[in-house]
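Please find below some notes on the aromatic contacts in this entry, set out as numbered points for discussion alongside the coordinates.

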Amino acid sequence: MNNKLLQTAVFAFGLINFTAIAAPNFSAAQIAQFQQLPRAQQQALARQYGVNINDLTAAGSTSTTTSRPPVQTISPRPQNRETDQHLDSQANNQQLINFGYDLFSGQPSSYTPIDDLPVPNNYLIAPNDEIDVQLFGSQNTSYALDVSRDGSIQFPELGPIHVAGQTFKELKANLTNRIKKQILGVDVSISLGSLRMMQVYVTGDVYQPGAYNIPSLATVTQALIAAGGFRQSGSLRDITIRRNNKVIDHLDLYELLLKGKTDHDIRLQSGDTVFVAAKGQSVSIDGQVRRPAVYEIKSGDSLGQLLADAGGSQANAYLQQVQIKRYSASGEQVLTKDLTTSEGKSFHLQDGDKVHLAPVSEQLLHSVIVRGAVTRQGAFAFRNGMKIADLFSNKEDDLLPNTDQNYALVVREIDALHHIKVLQFNLGHAIRQPESADNLILKDSDQVVVFANDLQVQSWQEPETHLATSTIQSTQNVVNGSSANSAALAAAGSEQAANADLQNSRSNQVQIDHDTGVQIVTTPKSRSNLFNNSDNTNQQASSPDSRENLLQPILHRLRQQAVNGQAVQIYEIAGAVKYPGTYPLVEGASIKAAIAAAGGLLESAAKDEAELTRALVMPGQVSLAHQKFDLAKILQNQQQANFALQSKDRIVIQRKTNWTVDNTVEIQGEVRHPGTYTIGKGETIADLVARAGGLTQYAYPQAAIFSRESLRLQEQQRKQMMANNLRQEIASLALRRQTNTATYNSTPQEAMQVADQLANIPAIGRLVIKLPNILRGDEHSDVMLENGDRLYIPPQRNTISVIGQVQLASNFTYDPSKSVEQYIDAAGGAKKQADVDRIYVIQANGAVMLPNRSFWFSRSHRKLQPGDTIIVPIDTDYLDGLSTLATATQIMYQIGVAWKAIN
């Protein structure tokens with residue numbers, strides 16, 4: 001009956017206890033926990049609850065599949081605890097935790113093991129304790145004696161000895177004396193084995209209030225941990241310990257958590273009650289503190305005490321203005337206190353206060369900042385009288401190898417609105433000549449900006465005249481997709497030998513620097529990427545120390561502060577300077593200073609004449625005034641006073657007349673000295689061939705290929721426009737054909753694919769020339785060269801090609817006696833779908849020749865030449881009635897003409 005009552009009480013409190021009558025009533029978890037205990041504690045628990053220890057051991061070894069009655073268990077503790085009702089209404093505190101509660105959170109447990117702890121001398125002996133006695137000397141015997149319920153132990157040979165109520169120190173002394181008196185010649189060693197379990201009560205605002213079995217050495221905090229810790233509504237600062245209905249102590253856990261004091265964390269005795277009161281007043285503190293949280297306070301606690309509880313302020317906390325939000329009858333009010341004063345520290349807190357410590361300003365005080373092309377960027381301590389040379393005492397160590405020593409800036413704030421002005425100086429002079437005016441005197445918070453010589457010459461790749469393999473494949477896809485048969489396909493893909501020679505000769509591109517004339521060997525880009533609008537020609541990002549990156553924030557601030565009619569302090573310099581662009585207008589700015597800012601003049605600069613454009617702002621209008629000046633005199637300080645710069649001035653440094661050191665052309669093929677040549681104004685193809693040593697004996701000038709970039713761009717634009725017009729026509733015809741009863745062999749989608757593929761074929765830019773006439777001195781046939789022109793002279797080709805709508809497209813040995821009809825007959829004759837009325841011949845120089853209109857092609861006055869190609873086109877009406885596709889097929893033929901001409 002007693003066991004059943006005890007079991008009912010344990011389940012009512014939600015405890016896991018060994019209170020069943022028989023072992024089979026225990027859960028597997030209970031038995032496993034029991035078996036993990038030391039043997040002595042197992043015996044003590046078995047005796048306390050009247051359970052046979054052997055039954056428990058056997059039950060643990062049997063199968064767990066035996067049906068057992070359900071055992072009441074405690075539900076797992078939720079991860080998100082219930083929030084405090086008072087603090088939950090404060091939205092500011094939702095991100096802050098309640099200080100100290102997480103230390104005690106856990107799962108409630110009826111047993112908190114404390115093994116191998118030393119037993120203090122003032123420990124009181126009570127029933128269920130185990131006393132270990134070891135005799136040595138005349139006898140060598142060990143005894144494990146349990147304290148019975150009447151408080152005695154049964155010592156062999158001595159009988160019962162009453163020990164309950166004695167301290168451990170008294171027990172050792174009394175028991176040792178008695179043993180030595182009754183057993184002669186022995187020494188005694190007395191210790192405690194397993195300690196008794198005791199029952200205490202943990203009540204109040206804890207997670208799981210109730211009665212708990214804990215070891216006899218357990219303290220108040222261990223009892224709280226056994227109960228699962230605190231609810232959010234529980235107080236960490238008001239914990240009462242009662243014994244025999246009397247308050248014996250109070251525990252403030254803040255003393256333990258913040259100061260490590262354990263004075264009031266006393267050991268409990270059986271029957272003690274630990275009561276946790278409801279949480280009292282609480283405040284929150286966040287911002288620049290080491291432990292932001294919600295803290296419980298006592299009446300009279302000060303702001304300084306709260307800051308100490310929060311671990312103190314961080315190094316960047318601004319203590320002069322600590323913000324306190326406080327609830328009052330009229331609403332929430334804000335208070336500001338200075339925590340650096342005793343008055344601010346002693347400010348009394350109230351329930352619900354929210355304390356916030358803001359950070360100090362990140363602005364550096366009493367410093368000078370150095371940015372740009374220096375070895376060590378950053379802030380340097382400022383002192384009165386500090387100059388530029390003090391920052392760069394060692395030029396070799398403080399500056400980078402690419403530092404521009406002729407131009408540097410000082411950015412200085414001039415008022416409370418953080419407006420700036422800019423000063424310019426020569427960094428090299430400031431370092432080498434400390435007494436010069438360039439060694440500026442610095443002020444607090446100045447920024448020194450040092451630039452790098454970061455000119456990145458963008459070596460543009462000239463267009464290629466040869467046909468890449470990928471381009472040929474694209475045309476093959478276009479022709480096949482449009483069902484235009486093999487005419488344009490063969491014209492696009494036949495005889496690539498000349499093309500390969502030109503391509504291999506240009507694997508390494510020799511270019512000339514724009515101003516210096518230095519040759520630069522670069523690897524050419526593919527034409528498909530070079531002229532693609534989506535291609536980024538400047539793949540390499542500019543340096544962080546470049547003028548553009550360093551000047552951008554300065555120019556932005558100058559533009560931002562130009563308000564209320566104030567002139568923006570910037571100017572522009574363009575033309576033959578190293579770094580053209582926009583620059584800040586400095587104090588005393590001159591044209592000479594502007595040229596230094598732009599990196600100096602290029603070799604191509606014309607020093608006899610330059611131009612200054614100035615905006616003249618008048619009421620209601622702005623006019624521009626242009627003025628020429630002698631740049632050489634400006635640089636010699638002869639006209640310095642007359643050309644002080646003003647806002648929005650634009651300086652243009654002209655180039656020298658006929659400055660053409662960078663104009664180059666290329667000649668390849670059957671010439672004596674192929675390569676890249678620099679040309680001057682007025683040079684022609686005849687001059688180029690003569691400079692290349694003339695033609696070799698294998699040259700075939702009738703088939704010369706000449707390409708020009710401007711023509712290629714023009715051709716590309718026209719081809720794109722043609723493709724767009726073709727798409728529009730296809731779309732229009734697709735709408736009309738929906739109501740047409742006629743049938744078509746091809747769909748508008750197929751025609752649209754032809755237009756798309758047409759747009760992807762790159763332009764060529766070929767100019768048809770008559771090189772034999774040019775070499776004979778015909779001035780009307782000669783062409784004046786331009787930068788980037790290319791000339792290729794192939795070897796002799798003694799062949800005639802027949803392609804298109806013939807039975808077998810073939811190449812034939814040239815026979816001057818044969819006509820067009822005879823060559824077509826040699827290829828098996830024209831097919832049924834051939835358009836014999838539009839047969840044409842592509843001559844070796846790229847020109848197109850139309851034979852006589854008669855069917856039999858009388859060639860009495862026009863003869864074929866070596867290298868010519870006969871094209872038999874397809875009858876577009878035979879393929880499809882859709883006129884759009886016919887137009888697309890005609891475009892393919894034209895492309896085939898050009899491609900065959902190249903080859």
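1. Tyr583 has a relative accessible area of 3%, so this residue is buried. The structure is a predicted model, and the values discussed here should be read with that in mind.

2. The ring of Tyr583 is paired with that of Tyr407 in an edge-to-face arrangement, the centres being 6.1 Å apart and the planes standing at 80° to one another. Tyr407 is likewise buried, because its relative accessibility of 0% falls under the 20% limit.

3. This pair joins distant parts of the chain, since Tyr407 belongs to strand β18 (residues 403-413) and Tyr583 to strand β24 (residues 581-584), with the two positions 176 residues apart in sequence. Tyr407 and Tyr583 are also members of a cluster, linked through ring pairs, that includes Phe451 and Tyr571.

4. Across the whole structure, a search gives 10 aromatic pairs. One of them is formed by Tyr101 and Phe230, whose ring centres lie 6.1 Å apart; the planes meet at 75°, which is over 60°, and the pair is therefore edge-to-face.

5. Where do the two partners of that pair lie in the chain? Tyr101 is found in helix α6 (residues 101-104), whereas Phe230 sits in the loop between α8 (220-226) and β8 (234-243), so that the contact ties together parts 129 residues apart in sequence.

6. As to whether these two residues are buried or exposed, Tyr101 counts as buried at 4% relative accessibility, and Phe230, at 0% relative accessibility, counts as buried too.

Note on methods:
Residues are numbered from 1 along each chain as its sequence is written. This is a predicted model: local features need pLDDT of at least 70, side-chain atom pairs count only at pLDDT 80 or more; totals for chains, interfaces and linings use all residues. Side-chain values use heavy atoms; hydrogens and water are left out. Rings of Phe, Tyr and Trp (its six-membered ring) pair if their centres lie within 6.5 Å; planes under 30 degrees apart count as stacked, over 60 as edge-to-face and the rest as tilted. Helices (H or I, at least four residues) and strands (E, at least two) are DSSP runs, numbered from the N terminus. Buried means under 20% relative accessible area, exposed over 50%, partly exposed in between (1.4 Å probe, protein chains only).
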